[in-house]
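Trainee: I would like to learn how to read a model of this kind feature by feature, beginning with the general idea each time and then turning to the case in hand. Could we start with burial?

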Amino acid sequence: MNHQKFLCGIFGFPIAHSASPAMQNAAFRALGLEGVYLPFEILPRHLEKAMEAIRVLNFAGVNVTIPYKEKVIPYLDALSPEAKLIGAVNTIQNKEGRLIGHNTDAPGIKRALEEGWGRSLKNANVVLLGAGGAARAVAVQAGLSGVRKIVIINRSRRRLKNLILHLKESFPKMQVRGFSSGDSEARSEVLEADCLVNATPLGMSPMDPEPCPPRDLDPRTYVYDLVYRPMESHWVKEAIERGCRGSGGSSMLLYQGALAFKIWTGHRPPIEVMRQALMECLKG
């Protein structure tokens with residue numbers, strides 16, 4: 001039995017939907033570690049106090065989810081190279097009172113996509129829906145993975161423009177294009193995609209519109225939805241009915257969470273234990 005104690009959690013608003021506590025607490029139990037992982041719903045006006053509480057309460061670290069992946073950065077002491085390149089943080093490590101921001105979403109999405117798709121991202125033509133914190137992680141990982149071309153489709157022109165400029169500066173060999181949602185040219189880009197990733201929250205509610213019409217998909221396209229609750233969104237189901245291969249976001253959640261566990265504890269994460277706990281939570 002290791003007597004080091006680990007207090008961890010997740011900051012977000014809202015947070016009730018998170019499945020991270022189930023898999024992280026299962027990992028602590030499996031390794032015999034004295035640790036707990038709790039969900040914290042943080043109101044926007046309390047974010048600064050919540051960040052200081054990480055130090056005051058001696059958290060090992062926390063995950064960060066919507067809407068704080070970019071907003072926490074001013075309160076951190078340092079960023080990992082990946083988090084700095086992405087401009088968003090999903091994992092905070094408390095290292096002797098210094099708060100260090102990491103981004104495990106990026107390597108998590110790489111492993112999830114390549115595992116589900118069955119091929120490397122290198123030289124692929126990727127279409128990305130969204131330009132927020134999660135989308136930035138996907139886009140930067142695309143550049144790091146040698147993607148040939150990435151097309152980003154987003155409602156906000158400002159976010160879209162900023163992300164495109166960042167990618168062109170960081171990955172000059174990767175073709176980068178961007179379109180506003182509903183642009184007629186965006187439809188043809190979706191049709192030509194090897195891999196299509198939804199990095200918007202659309203699909204978390206049954207009342208949400210589809211991220212893009214399934215009729216615009218080519219059956220050879222691999223579709224991945226970062227939404228993990230429900231495990232398979234209506235959009236993914238329709239894409240599969242059209243002939244596409246598709247997956248929900250539980251695998252990315254698993255792999256980014258496993259990397260966060262390693263950062264906080266220094267222990268090798270029990271992936272299969274975490275996967276089983278996550279699946280049981282999502283099915284429940």
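Mentor: A residue is called buried when its relative accessible area is under 20%, exposed when it is over 50%, and partly exposed in between. Bear in mind throughout that this is a predicted model. With that cut-off, buried residues account for 52% of the 284 residues in the chain.

Trainee: What area does the chain expose, and what share of it comes from carbon and sulfur atoms?

Mentor: The exposed area is about 13,200 Å², and carbon and sulfur atoms supply 52% of it.

Trainee: How does the radius of gyration of the chain stand against that of a compact globule?

Mentor: The general idea is to set the value over C-alpha atoms beside a rule that depends on the number of residues. For 284 residues the rule gives a radius of gyration near 19 Å for a compact globule, and the chain, at 18 Å, agrees with it. Along the principal axes, the C-alpha atoms fill a box of roughly 55 × 40 × 35 Å. The secondary structure inside that outline consists of ten helices and twelve strands. As for contacts, if one takes those between residues at least 6 apart in sequence, 69% of them join residues at least 24 apart.

Trainee: Which residues line the largest cavity, and what is its volume?

Mentor: A cavity is a space where a probe fits but cannot get out, whereas a pocket is open. The search of the whole structure finds one cavity of 30 Å³ or more, and the largest cavity has a volume of about 40 Å³. Its lining is made of I109, L113, L121, V126, V138, Q141 and A142, which divide by class into six nonpolar residues, one polar and no charged. Two helices, α4 (105-117) and α5 (133-144), each supply at least two of the lining residues, and α5 gives the largest share, with three.

Trainee: What lines the second largest pocket?

Mentor: That pocket holds about 150 Å³ of space, and its lining runs through L202, G203, S205, P206, D208, P209, E210 and P211, and then takes in P230, S233, H234 and W235. By class there are six nonpolar, four polar and two charged residues in this lining.

Trainee: P230 is among those lining residues, so to speak of its backbone: what is the form of the peptide bond from R229 to P230?

Mentor: Here one reads the omega angle, and the bond from R229 to P230 is cis, with omega near 10 degrees. P230 lies in the loop between β11 (222-225) and α8 (234-241). A second cis bond leads from I66 to P67, with omega near 5 degrees, and P67 is placed in the loop between β3 (61-64) and β4 (78-79).

Trainee: Those two loops also hold T65 and M231; is each of these residues buried or partly exposed?

Mentor: T65 counts as buried because its relative accessibility is 17%, and, leaving aside neighbours within four places in sequence, T65 is in contact with I10, F11, G12 and I15. M231 counts as partly exposed because its relative accessibility is 27%. With neighbours within four places again set aside, M231 is in contact with G248, M279, L282 and K283.

Trainee: How should I read separation in sequence against distance in space, taking R242 and R215 as the case?

Mentor: One sets the two numbers side by side: R242 and R215 are 27 residues apart in sequence and 7.7 Å apart in space, C-alpha to C-alpha. For M231 and I153 the corresponding values are 78 residues and 23 Å. R242 sits in the loop between α8 and β12 (245-247), and, not counting residues up to four places away in sequence, R242 touches P214, R215, L217 and P219. Its relative accessible area of 37% makes R242 partly exposed.

Trainee: Which residues other than glycine have a positive phi, for instance in the loop between β5 and β6?

Mentor: E96 is one of them, with phi near 55 degrees, and E96 is found in the loop between β5 (91-95) and β6 (98-102). At 82% relative accessibility, E96 counts as exposed. Another is N123, whose phi is near 70 degrees, in the loop between α4 and β7 (125-129).

Technical notes
Residues numbered from 1 in each chain as written. Predicted model: local features only at pLDDT ≥ 70, side-chain atom pairs only at ≥ 80, totals over all residues. Heavy atoms only, no water. 1 Å grid on protein atoms, 1.4 Å probe; cavity = no way out; pocket = protein on both sides within 12 Å on 5 of 7 lines; lining within 4 Å. Points joined across faces, edges and corners; volume = space filled by probe spheres on them. Nonpolar A, V, L, I, M, F, W, Y, C, P; charged D, E, K, R; others polar. Helix = DSSP H or I, 4+ residues; strand = E, 2+ residues; numbered from the N terminus. Rg over C-alpha atoms; globule rule 2.2 N^0.38 Å. Buried < 20%, exposed > 50% of the residue type's maximum accessible area, 1.4 Å probe, protein only. Contact = heavy atoms within 4.5 Å. Areas by Shrake-Rupley, 256 points an atom, 1.4 Å probe, with all protein chains shown as cover.
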